[in-house]
Structures are given as C-alpha cells and as structure tokens.
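Got your viewer open? Here is a short tour, one selection at a time.

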Amino acid sequence: MQPRPFIGMPFPGLLRVTCPTPMPGLPHVHVYMAQGSQSGLVVIDTAMPYDDSFDRIMQGIEWAGRKPTDVERIYLTHAHPDHFGCAGILQEATGAPVVCHPIAKRTLEAMGDPDPERWRARMGMYNEHGWSSEEMVESRMAGAFSSMTMAKHMTTIDEGDVVTFAGGNWDVYWTPGHEEGHVVFHRRTDGVLIVGDTVLAKITPHIGWMLEPEDPLGQFLGSLEKVAQLDPSLVLPGHGRPFEQGAERARTIASHHELRLRRCMEIVLRGGRINAMDVARRLFDRDLMFFEERLALAETLSHLEHLRLRGRLHRTLVDGSWLYEVHRLIP
C-alpha cells in the first residue's frame with residue numbers, strides 16, 4: 001500500500017484523515033474514523049467537497065481495511081461546511097445515516113431548502129451594523145458550497161447520550177457557541193475528547209453573531225467551562241495537532257474573550273456612539289480583506305451583544321444604523 005501522508009493515527013483505534021479546505025488561514029480539516037459498535041466503521045466529520053478531500057476519505061476507509069458499505073454511522077460535530085460538506089456524497093456511497101445534534105439537523109435541513117428572506121435579513125443585518133459589501137464569500141469557497149450534496153437521512157444525538165466506537169463508550173456533550181448545534185465526544189475511561197472546533201491548540205474558534213442565537217459568546221463561555229470540567233487527557237481537534245491539558249487550553253481561550261470584551265468596552269467608551277463595523281476595525285487593527293471584514297464584524301457583534309445583554313452597553317437605531325454606547329457610569 002502506497003504511503004498516504006494525510007492519514008495518521010493520533011490515538012490507538014482512531015484513524016485521522018486530513019483534508020484540504022478552501023478557507024484562507026485554515027488550510028485543513030480532520031476526519032476521524034474508528035470501529036463502530038456493529039463491527040462496521042464510524043466516520044466523525046466529513047470535510048468538504050474541495051480538491052481531493054472525498055478521495056482522501058475513501059482512501060482512509062480502504063486504509064482501515066474496510067469498504068464504503070461497512071460505514072455504519074456518520075457523526076457530525078457541527079453544521080459548518082468544512083465539517084459536514086461531504087456528508088451527502090458520503091451517505092450516497094455508504095448508505096449510512098448522518099447523526100448530529102437536533103439544532104445542527106435543523107440547520108442542515110434549512111441549508112438544503114434555503115429561504116431567500118432569511119438571506120436578505122442577514123444582508124440587512126450586516127448593513128445595519130456598518131458593513132456595506134455585498135460580496136459574501138470568496139470564490140473558492142463558493143465553488144465548494146455549490147458542489148455540496150445534502151444528506152437525506154439524518155438522525156440525532158444530544159447531551160446525555162452515549163455512543164460506542166473505538167472499543168469504548170463515549171459521552172455526548174452539547175457545546176454551543178462556535179455553532180449552536182456543536183457536540184463533542186468524551187471517553188470517561190481514559191479522558192480522550194473528540195472536540196470538533198470547541199477548543200483548538202493554536203487558534204481561537206470563531207464566535208460570530210448572525211441574528212440568532214442572541215448570545216453565542218455566552219454559550220461558548222459555558223461550553224469552555226464544560227470542557228474544562230471534563231479535564232480531558234488528550235484533545236483530538238477538527239484542525240491542528242492533538243494536545244494535552246485541555247482544561248488549561250479551554251480556560252486560556254475564555255481569558256482571551258474576557259480581554260476582548262474589555263477592549264470592546266474601551267473602544268466604545270472612547271468612540272462614543274459607534275457602529276459595530278467601526279469597533280471591529282479598531283479591535284483587529286489591520287487591513288482586512290472583504291471576507292475577513294465579515295468575519296471580524298460577526299465576531300465583534302458577538303462581544304458587543306454579550307455586553308449589551310448584560311447591561312454594559314446599549315444600542316440605538318439611528319438613520320438605519322445601530323450605534324452602541326456605554327451606559328453612563330455616573331447618573
């Protein structure tokens with residue numbers, strides 16, 4: 001069998017297939033495979049139909065000594081394209097159900113039947129918060145989106161469920177924030193955690209606000225504390241290398257967001273009444289490409305709305321634009 005440098009085994013019984021993505025700054029995503037509960041194979045996350053990703057997944061199944069029809073479950077950690085994008089074509093090749101959190105299932109079903117009004121509402125939201133660009137996605141990403149096949153047979157898992165693979169039982173935990181339907185898998189016997197994008201070793205996961213839920217950052221901070229309480233011995237992430245000291249990393253990411261919240265307060269205090277896009281440009285303090293501006297705005301809004309919901313800021317609609325300001329400290 002020829003060498004395949006994109007296939008590895010980060011932990012006994014767990015195969016990892018690393019696939020390319022079209023996303024600037026995030027060039028790869030991991031797909032995990034393991035023996036299932038019925039002597040078949042389970043796949044955790046599916047990359048997206050970009051470059052040779054699907055071929056790599058097929059080679060991973062072959063490397064595991066199986067054929068596509070041996071796949072018995074396709075688990076998704078969350079409903080982001082780099083994690084679910086090949087789910088539909090993988091289901092067609094294997095016949096296996098796609099299994100995810102109920103919120104992720106609803107999100108995927110909505111993507112399969114897009115609502116133009118929802119898209120217009122999101123565009124209007126960006127405009128109301130100070131971003132006027134109409135170009136939403138970089139061309140390589142748009143091509144990957146257009147080639148996705150949505151899964152037709154989906155079932156759900158939720159916090160408190162236990163699933164079996166890799167020779168053990170894994171507890172399912174709901175970890176919203178990065179995406180509202182995000183789940184992780186934790187094996188109590190040895191503390192291994194398959195974490196998706198909730199905790200990453202080198203970067204902080206994107207926490208964006210897009211109308212709903214109203215406080216994704218608050219959800220995410222709760223999810224980080226949940227991971228810290230699990231105190232995983234080894235974290236297997238969706239991007240980057242495996243790492244130990246998962247509790248410490250979760251608390252470091254939480255501290256990063258606390259610092260960013262204070263920085264947002266400082267920018268609004270100094271700027272007076274200010275829209276979110278202007279806060280974002282000062283917060284990130286560098287030239288941003290158009291797709292980076294959109295991400296920066298969504299990330300900034302998650303912090304501004306977190307502060308507003310806790311009474312630290314308030315906002316006013318002025319001439320079609322939301323302006324944030326600090327409550328008076330002295331009456």
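What covers the buried residues of α3? The cover includes β4 (41-44), α1 (53-63), β5 (71-75), α2 (81-84) and β6 (98-100). We'll come back to that spot after a quick word on what you're looking at.

**Ground rules**

This is a predicted model, where local features need pLDDT of at least 70 and side-chain atom pairs count only at pLDDT 80 or more, while totals for chains, interfaces and linings use all residues. Numbering runs from 1 along each chain as its sequence is written, and side-chain values use heavy atoms, with hydrogens and water left out.

**Zoom out: the whole protein**

Start with a cartoon view. You should find 10 helices and 14 strands; helices (H or I, at least four residues) and strands (E, at least two) are DSSP runs, numbered from the N terminus. The radius of gyration is 21 Å, close to the 20 Å that the globule rule gives for 331 residues, so the protein is as compact as a globular protein of that length. That radius is taken over C-alpha atoms, and the rule is 2.2 Å times the number of residues to the power 0.38. Line the view up with the principal axes and the C-alpha trace spans about 70 × 40 × 35 Å.

Now switch on a surface. About 15,100 Å² is exposed, and carbon and sulfur atoms supply 50% of it; accessible areas come from the Shrake-Rupley method with a 1.4 Å probe, and for residues only the protein chains shown count as cover. Of the 331 residues, 53% count as buried. Here buried means under 20% relative accessible area, exposed over 50%, and partly exposed in between (1.4 Å probe, protein chains only).

Contacts are worth a look too, with contact meaning heavy atoms within 4.5 Å. Among those between residues at least 6 apart in sequence, 65% join residues at least 24 apart.

**Select 87-95: helix α3 and its end**

Back to α3, which covers residues 87-94, and where Ala87, Gly88, Leu90, Gln91 and Thr94 are buried. Look down the axis of α3: the buried residues fall within an arc of 165°, so they line one face of the helix. The arc is that of the directions from the helix axis to the C-beta atoms. As a reminder, an α-helix has 3.6 residues a turn, so residues three or four places apart point the same way. Step past the end of α3 and you reach glycine 95, whose phi is positive, near 80°.

**Select 56: an arginine in α1**

One of the helices covering α3 is α1, and arginine 56 is found in α1. Is this arginine buried or exposed? Arginine 56 is buried, with a relative accessible area of 19%. Not counting residues up to four places away in sequence, arginine 56 touches Phe6, Val17, Thr18, Cys19 and Pro20.

**Select 212-216: from loop into helix**

Next, find the loop between β11 (192-196) and α7 (216-230), where aspartate 215 lies. Proline 213 sits in the loop between β11 and α7 too, and a cis peptide bond joins glutamate 212 and proline 213, with omega about -5°.

Aspartate 215 counts as buried at 12% relative accessibility. Leaving aside its neighbours within four places in sequence, aspartate 215 is in contact with His306, Leu309 and Arg310.

Move on to proline 216, which lies in α7 and counts as buried at 2% relative accessibility. With neighbours within four places in sequence set aside, proline 216 contacts Gly177, Ile207, Gly208, Trp209 and Ser302. Draw a C-alpha distance from proline 216 to serine 302: they are 86 residues apart along the chain and separated by 6.4 Å.

**Select 231 and 39: positive phi without glycine**

Beyond α7, aspartate 231 is in the loop between α7 and β12 (234-237). Aspartate 231 has a positive phi of about 50° although it is not a glycine, and is exposed at 52% relative accessible area.

Now jump to serine 39, in the loop between β3 (28-35) and β4. Serine 39 is not a glycine, yet its phi is positive at about 65°. Its relative accessible area of 57% makes serine 39 exposed.

**Last stop: select 278**

Aspartate 278 lies in helix α9 (residues 276-284) and is partly exposed, with a relative accessible area of 29%. Finish with one more C-alpha distance: aspartate 278 and threonine 300 are 22 residues apart in sequence and 9.8 Å apart in space.
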